[in-house]
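Please look through the sequence and the model below before reading on. The paragraphs that follow lead from one part of the chain to the next.

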Amino acid sequence: LIRLTRSYRSTYEIVDFTRAMLPGGEQIIPFNRRGNKPVVAMYEDREDMHGEIVRNIHDLQQQGYQYTAIICKTESECTEAYEALKDQITMRKMTKNTPIFEKGTIIIPAYLAKGVEFDAVILYNASAEQYHREAERKLFYTACTRAMHLLYAYAIGEVTPFISKIDPELYEQ
């Protein structure tokens, strides 16, 4: 048995944050590439969250980030978010039938994001309502670990227990 425990994709801060979500995650060894702590924010409603997503995407584009993902839990949530944001952000919606990834901002369901990496990731509605079952822990972890440099987790209402139960020193609020 060979255990692969070193993470090379994400910054130290993102790995430190995400490994705290998993039982046994302390065995994951982050690569020593420093960056910003993940940002966790809670919003009263969808409109407030959408406003922050639009501001973030514009800022990321101005900073030169070429690959940004808005990761939703499901394809139907992607469609909903895409419809709400498409007039304010230039982005493409990825589905299981999308043949290739291109530069820019994409909106993608978490289950399609496995094996892909992005400069920055915005987790769309990382709330307790969306991600609360133990069976969703690995899906949520996978979505978080797609970020190489910047990770934002936005929730409508209470944040998922996968975040609320970890040390708040591991992220910015």
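A120 stands opposite L150, a residue of strand 8, and this pairing is a convenient place to enter what is a predicted model. Strand 7, which covers residues 118–123, is joined to strand 8 by five bridges, and the two strands run parallel. On another flank to be considered, strand 4 and strand 7 also pair in the parallel sense, here over four bridges, and within that pairing I71 has L123 in strand 7 as its bridge partner. How much of strand 7 is buried? Six of its six residues are buried, and the strand is therefore described as mostly covered, given that a residue counts as buried when its relative accessible area is under 20%.

The path of the chain from strand 7 to strand 8 can be followed through helix 5, since these three elements make a right-handed β-α-β unit. Helix 5 itself spans residues 137–144, and strand 8 takes in residues 147–156. In the loop between strand 7 and helix 5 lies N125, whose phi is near 55°, a positive value in a residue other than glycine. Most residues other than glycine have a negative phi. N125 counts as buried because its relative accessibility is 5%.

The loop that holds N125 also holds E136, and with E136 the account turns to charged side chains. Side chains of opposite charge can pair when their charged atoms come close. The structure holds six salt bridges, and one of them brings together the side chains of K73 and E136, with 2.4 Å from N to O. This pair links distant parts of the chain, 63 residues apart, for K73 sits in the loop between strand 4 (67–72) and helix 3 (75–85), whereas E136 sits in the loop between strand 7 and helix 5. Are these two partners buried or exposed? K73 is buried because its relative accessible area is 15%, and E136 counts as buried because its relative accessibility is 5%.

E136 also meets R133 in a salt bridge, at 2.9 Å from N to O, and K73, R133 and E136 are thereby linked in a network of salt bridges. R133, unlike the two residues just described, is partly exposed, because its relative accessible area is 46%. K73 has a further neighbour to be noted, as it lies over the face of Y131, at 5.5 Å from the ring centre.

Another salt bridge is found in helix 2, where the side chains of R55 and E52 meet at 3.1 Å, N to O. Both residues lie in this helix, which runs over residues 46–62, and they are three residues apart, about one turn of the helix. R55 counts as partly exposed because its relative accessibility is 48%, and E52 is partly exposed as well, because its relative accessible area is 22%.

Strand 8 comes back into view when the aromatic rings are considered. A pair of aromatic rings is described by the distance of the centres and the angle of the planes. The count comes to five aromatic pairs. Among them is the pair of Y43 and Y154, which is edge-to-face, with 5.5 Å centre to centre and 90° between the planes. The pair links distant parts of the chain, since Y43 belongs to strand 3 (residues 39–43) and Y154 to strand 8, 111 residues apart. Both Y43 and Y154 are buried, and Y154 is so classed because its relative accessible area is 2%. Y154 also pairs with Y152, in an arrangement that is tilted, at 6.0 Å centre to centre and 40° between the planes. Y152 in turn counts as buried because its relative accessibility is 12%. Y43, Y152 and Y154 form one aromatic cluster.

One last residue leads to an earlier part of the chain. T11 has its place in the loop between strand 1 (6–7) and helix 1 (12–19), and T11 counts as buried because its relative accessibility is 2%. Which residues is T11 in contact with, leaving aside its neighbours within four places in sequence? They are R33, R34, G35, N36, M148 and H149.

Technical notes. Residues are numbered from 1 along each chain as its sequence is written. This is a predicted model: local features need pLDDT of at least 70, side-chain atom pairs count only at pLDDT 80 or more; totals for chains, interfaces and linings use all residues. Side-chain values use heavy atoms; hydrogens and water are left out. Rings of Phe, Tyr and Trp (its six-membered ring) pair if their centres lie within 6.5 Å; planes under 30 degrees apart count as stacked, over 60 as edge-to-face and the rest as tilted. Buried means under 20% relative accessible area, exposed over 50%, partly exposed in between (1.4 Å probe, protein chains only). A charge sits over a ring if NZ of Lys or CZ of Arg is within 6 Å of the ring centre and within 35 degrees of the ring normal. A salt bridge is a side-chain nitrogen of Lys or Arg within 4 Å of a carboxyl oxygen of Asp or Glu. Two strands pair if DSSP finds at least two bridges between them. A crossover is right-handed if, with the strands pointing away from the viewer, the path from the first strand over the helix to the second runs clockwise. Contact means heavy atoms within 4.5 Å.
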